[in-house]
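Subject: Structure for you to look at

Hello,

Here is the structure I promised to pass on. Please have it open while you read; my notes follow below.

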Amino acid sequence: MIKYKIEKNFIVLLGADIVGKGLSFVVLIYLARVLGAINFGKLSFAQAILAYFLLLADLGVTTAGARELAKNKNNLQHYVNNILGLRFVLSCLSFFLLVLLSIFIPKTYEIKILIISYGFYLFPFSLLLEWVFQGIEDMKYIAVSRILSHIIYFILVISIIKKGLNFSLIPWFWVIGGIAATIFLMLIFNSQFGVPKLCVGVAFLRKFLHSAIPIGASNMLSQVYYNMDTLMLGFMKGSAVVGWYNAAYQVVLGVLGLSLWLTYATFPVLSDTYNDKDRFESVCSHYCRNQVILVCLVIAVGTIFAKHIILLLFGTEYLRAVFVFRILVITLGIILINNVFSTPLLATKFEKDILINTACVAILNMGLNFLLIPKFSLEGASIATFLSESVSLGIVILFYKKRFRQ
């Protein structure tokens with residue numbers, strides 16, 4: 001039954017993500033080709049900035065909320081009301097800080113506007129109820145919302161490019177897609193559970209944030225070594241180099257996004273079965289087998305056909321990204337194996353272990369980027385990511401053995 005539930009959720013989410021992110025990926029390739037490496041690099045840099053503020057606006061609340069709902073479905077309305085109120089406050093604060101950063105950042109006016117435009121996504125993001133449907137293990141609505149968001153984004157971007165309009169409108173199309181997804185999930189929630197009421201209960205939040213903040217801090221630090229390379233390349237090497245690097249990086253992230261649906265579908269089941277050792281170990285074993293198969297497939301295809309993939313998707317202007325792509329594909333395999341050990345820790349309230357691991361690796365990644373990027377440019381950034389994720393895997397295995405193999 002558990003295996004069936006995970007696979008059902010995974011298939012629903014994977015199918016939807018293939019459609020939704022497939023459209024988004026088509027847009028990515030289209031923009032990279034039409035805009036060229038420099039303008040594509042500007043968009044990538046602005047998106048990298050936004051990623052940090054999305055994490056600040058979340059602060060680990062959605063992961064902790066999904067975990068608690070998986071175990072306390074009877075208190076759904078109470079959790080939703082308080083968490084939505086908290087997330088809205090955090091999003092307002094995040095947007096204010098993002099605007100301040102945009103004003104003082106040493107970049108052109110065009111890039112500043114791109115960053116602020118993307119920042120408006122924080123508001124629909126604060127009301128997005130994906131975490132609720134994840135917690136109650138009803139994934140089909142998440143799937144539909146994401147397809148809807150990507151379809152709208154796809155149609156708007158293709159339209160603007162064909163009409164020859166300014167590419168600075170592209171962030172606004174991302175915001176519109178986010179608004180559509182938020183409204184859809186809110187309507188579904190209203191029809192099933194009633195209208196949520198935003199509130200901030202001090203007693204509830206004090207207890208809840210105790211477990212959420214380590215997750216949020218871990219996610220923020222994770223973003224350091226997922227996006228710091230893009231930011232540092234932007235400051236040290238310019239927009240063209242960012243464009244080349246992100247051509248390879250976004251392909252890898254797209255595959256990672258698809259693979260994470262298995263993690264997404266497994267997470268609430270791990271939380272629900274933690275007190276039953278046999279069932280918990282059965283879920284972990286099933287999760288591990290699926291990840292290993294995926295890793296072998298991804299690394300084999302990605303390393304052998306790297307040059308063909310880059311040429312097919314982006315053209316000769318992005319050939320500089322071939323070596324980077326091979327390194328990042330291998331790194332992706334390490335990340336997927338890492339998830340086998342980190343997801344059970346995160347799902348069972350050992351989030352502080354994840355925080356310690358992430359903090360160590362984030363510091364290592366920053367140091368490696370400072371050391372390697374000035375001399376080796378985008379190739380150095382990819383090597384820094386590979387070395388950091390390798391160390392991360394070693395640390396998380398030690399934590400996993402400590403918690404579950406006694």
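Two cavities of 30 Å³ or more are present in this predicted model. The second largest cavity holds about 30 Å³ of space. Its lining is made up of G41, K42, F45, K107, I111, G234, G238, S239 and V242. By type, three of these lining residues are nonpolar, four are polar and two are charged. Helices α1 (2–58) and α10 (239–273) each provide at least two residues of that lining, and α1 contributes the most, with three.

Next, have a look at helix α13, which covers residues 322–347. At 1.5 Å a residue, its 26 residues should span 38 Å, and the end C-alpha atoms lie 36 Å apart, which agrees. There is a kink of about 35° at V340 in α13, and the proline P344 comes shortly after it. Is this helix enclosed or not? Of the 26 residues of α13, 22 are buried, so the rest of the structure largely encloses the helix. Just after α13 comes K349, whose phi is positive, at about 70°.

Finally, a residue to find in helix α14 (residues 351–404) is S388. How much of S388 is accessible? Its relative accessible area is 0%, and because buried means under 20%, S388 counts as buried. Leaving aside residues up to four places away in sequence, S388 touches V361, L364, N365 and L368.

Enjoy exploring, and write back with any questions.

Best wishes

Methods. Residues numbered from 1 in each chain as written. Predicted model: local features only at pLDDT ≥ 70, side-chain atom pairs only at ≥ 80, totals over all residues. Heavy atoms only, no water. Helix = DSSP H or I, 4+ residues; strand = E, 2+ residues; numbered from the N terminus. Expected span 1.5 Å × (residues − 1). Bend = angle between axes of the 7 residues up to and from the residue. Buried < 20%, exposed > 50% of the residue type's maximum accessible area, 1.4 Å probe, protein only. Contact = heavy atoms within 4.5 Å. 1 Å grid on protein atoms, 1.4 Å probe; cavity = no way out; pocket = protein on both sides within 12 Å on 5 of 7 lines; lining within 4 Å. Points joined across faces, edges and corners; volume = space filled by probe spheres on them. Nonpolar A, V, L, I, M, F, W, Y, C, P; charged D, E, K, R; others polar.
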